[in-house]
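Dear colleague,

Please find below the structure we discussed, together with its sequence. My notes on it follow, arranged by region.

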Amino acid sequence: MDTTGTIATLNMANTSAPYHASMPVVHFFEGYLATISGWQIVATTLLVLMVYDQFIYIKNKGSIAGPTFKMPFIGPFLQVLDPKFEAYKKQFASGKLSCVSVFHKFVVLASDRDLARKVFNSPTFVKPCVVPVAEDLMGSSAWVFLDGKAHVDFRKGLNGLFTRKALESYLPTQEKVLYDYFSQFVRASRDNDGNPIPFMALFREINCALSCRTFVSHYISDEAVKKIADDYYCITAALELVNVPLSLYVPYTKVWRGKRAADGVLAEFAKCAAKSKVHMTAGGKPTCIIDRWISSMIDSKRYRDEAAAGIENGEKPAVVLREFTDFEIAQTMFTFLFASQDASSSATTWLFQIMAQRPDVLSRVRQENLEARNGDVNAPLGLQMLESMIYTNAVVKELLRYRPPVIFVPYLAKKAFPVTPTYTVPQGALIVPSCYPALHDPEVYTQPDLFDPERWISGDASEKSKNWLVFGTGPHNCIAQQYVQLTMTAMIGKAALEVDWVHHPTARSEEIKVFATLFPMDDCPLVFTKRA
């Protein structure tokens, strides 16, 4: 009996059955789609995306503090555009961990001191990102974004730039910058007929000049320094915690302007690197950070060449460096400027405002600085002199605690991070350890909202090292923290001896403006005069 045809017929029937069964479903969707408009399709799609966005937010939020629901898609983006310090304080107080979600980015804020320290000290789970757009501005290859051994090795090569010997060598250049700008402050006040001027902009400029001259010395012109100081406003404005997606590519947005300004700084520093290489190769004396770094590269190359030639008694540098390109050197100098410009400008602005408000403190600073110079106002700055001034250093430390220039430091979760036994930060989220709450903890600092330098002398503030998060902690803590404190000590000490200044308070002088860091809302109106 021939069964081939029968089997073939049965197989055809079996394979075609699902097709025939699915036809009513296909016809249903075809009919449904034919009855709805394009706007209905768009609305349905948006509704599905909104539900999904809400579901992801609630899932990521878990049990921590934060809004019950997210504003569809954008979250609190409008608040991010105009951040309020009181809103940050409210979120700090909302819980040890709290969250927001802006566009596609989920952000967890760690307000508790111990949780903040845990984040700082967990390189296995997190890496610093400053703000998400920072890699676009500085370049993803910048050393601050390196991880693990690559970061450790790179940092070792930079440590020599901030030794006591190195720090002392930068002082003559810094002292000249201070003298020039204090004279400029006096002229500006005189030209304004003795009326107050908001000095925040000039404080940003003096800090930019201090940084540029310390980093690259005479390799950069005064005009270029002024341009960097002016253009840096664009870079600061771009440093929002979360930016509109793809705004880097949209002309005249904050991020677009910031990127153009950053590229200009990198180009200027690259030219300085090339000039320094010529100077140091010719046997020049190092006068700035870039010179010292290139000098170490030259010493390292000499050692490698001697070793390759079989010379065994050659002196080995403390750290053997590879040769860095002009761009790599420029990129590293830019990371230093990136770390210092806004923070130092904030600290300077508050320091001059508070000193004017507290003549008792200013008088003690002035007297101590005069004694440290043996009565000679024109005596040059020295490292030992700066370190010996106990009260002036206490004033600087208290300023950094009272008005911390960095209130938090965003990190990126490289993988799911179990930050507590009951909550895990999802991979790809921002986890942001906060510095401000630890520095204003009333259980650690008596009357934390009072500016009191004595707490660092007769009090026990110096013993509260776990709360001292001004410069972070862990493998990515600030490499230049001693440099920062010495520079601030030199600045306020020299100012106390050379100029007088009067603060003209307004109704907004004590309000805090958030512009990457913290500034007085009225930009600190002052009048400077030359001391007799």
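In these notes a residue is called buried when its relative accessible area is under 20%. The model is a predicted one, and this should be kept in mind throughout.

I begin with strand β2. This strand spans residues 105–110, and 6 of its 6 residues are buried. In a regular strand, side chains alternate between the two faces of the sheet. On one side of β2 are K105, V107 and L109, on the other F106, V108 and A110, and all of them are buried, so both faces of the strand are covered.

The neighbours of β2 come next. Strand β1 (residues 97–102) runs antiparallel to β2 and is joined to it by 6 bridges. Within this pairing, L97 has A110 of β2 as its bridge partner. The two strands form a hairpin with 2 residues between them. In that turn, F103 has a positive phi of about 55°. Strand β8 (residues 430–433) pairs with β2 in the parallel sense, over 4 bridges. Here L109 has V432 as its bridge partner in β8, while V107 is matched with L430.

These strands belong to an open sheet of 5 strands, in the order β1-β2-β8-β5-β3 and with mixed pairing. Its edge strands are β1 and β3 (126–128), each of which pairs on one side only. From one strand to the next, the twist averages 30°. Helix α5 (residues 113–120) lies across β1, β2, β3, β5 (411–413) and β8, and it runs at about 125° to β8.

One residue of β8 deserves a separate note. P433 is found in this strand. Is P433 buried or exposed? Its relative accessibility is 0%, and it therefore counts as buried. Leaving aside neighbours within four places in sequence, P433 is in contact with A110, A116, V119, F120, F408, V409 and Y411. Among these, A110 is a residue of β2. By contrast, G314 is 119 residues from P433 in sequence and 46 Å from P433 in space, C-alpha to C-alpha.

A second open sheet has 3 strands in the order β4-β12-β9, with antiparallel pairing. Strands β4 (197–198) and β9 (499–503) stand at the edges with a single partner strand each, so one side of each has no neighbour in the sheet. Strand β12 (residues 525–530) pairs with β9 in the antiparallel sense over 5 bridges, and V502 stands opposite V527 of β12. Helix α18 (residues 481–498) lies across β9 and β12, running at about 100° to β9.

Finally, I turn to R155, which lies in helix α7 (residues 148–159). What does this arginine have around it? Apart from neighbours within four places in sequence, R155 is in contact with W143, P475, H476, N477, C478 and I479. With one of these, N477, there is a polar contact between side chains at 2.7 Å. R155 is buried yet has no salt bridge. The nearest side chain of opposite charge is that of D153, 11 Å away.

With kind regards

How values were computed:
Residues numbered from 1 in each chain as written. Predicted model: local features only at pLDDT ≥ 70, side-chain atom pairs only at ≥ 80, totals over all residues. Heavy atoms only, no water. Buried < 20%, exposed > 50% of the residue type's maximum accessible area, 1.4 Å probe, protein only. Lys, Arg positive; Asp, Glu negative; His and termini not counted. Salt bridge = Lys/Arg side-chain N within 4 Å of Asp/Glu carboxyl O. Polar contact = N/O pair within 3.5 Å; in protein donor to acceptor, adjacent residues only side chain to side chain. Contact = heavy atoms within 4.5 Å. Pairing = 2+ DSSP bridges. Axes fitted to C-alpha atoms, helices over the stretch in contact; angles between N-to-C directions.
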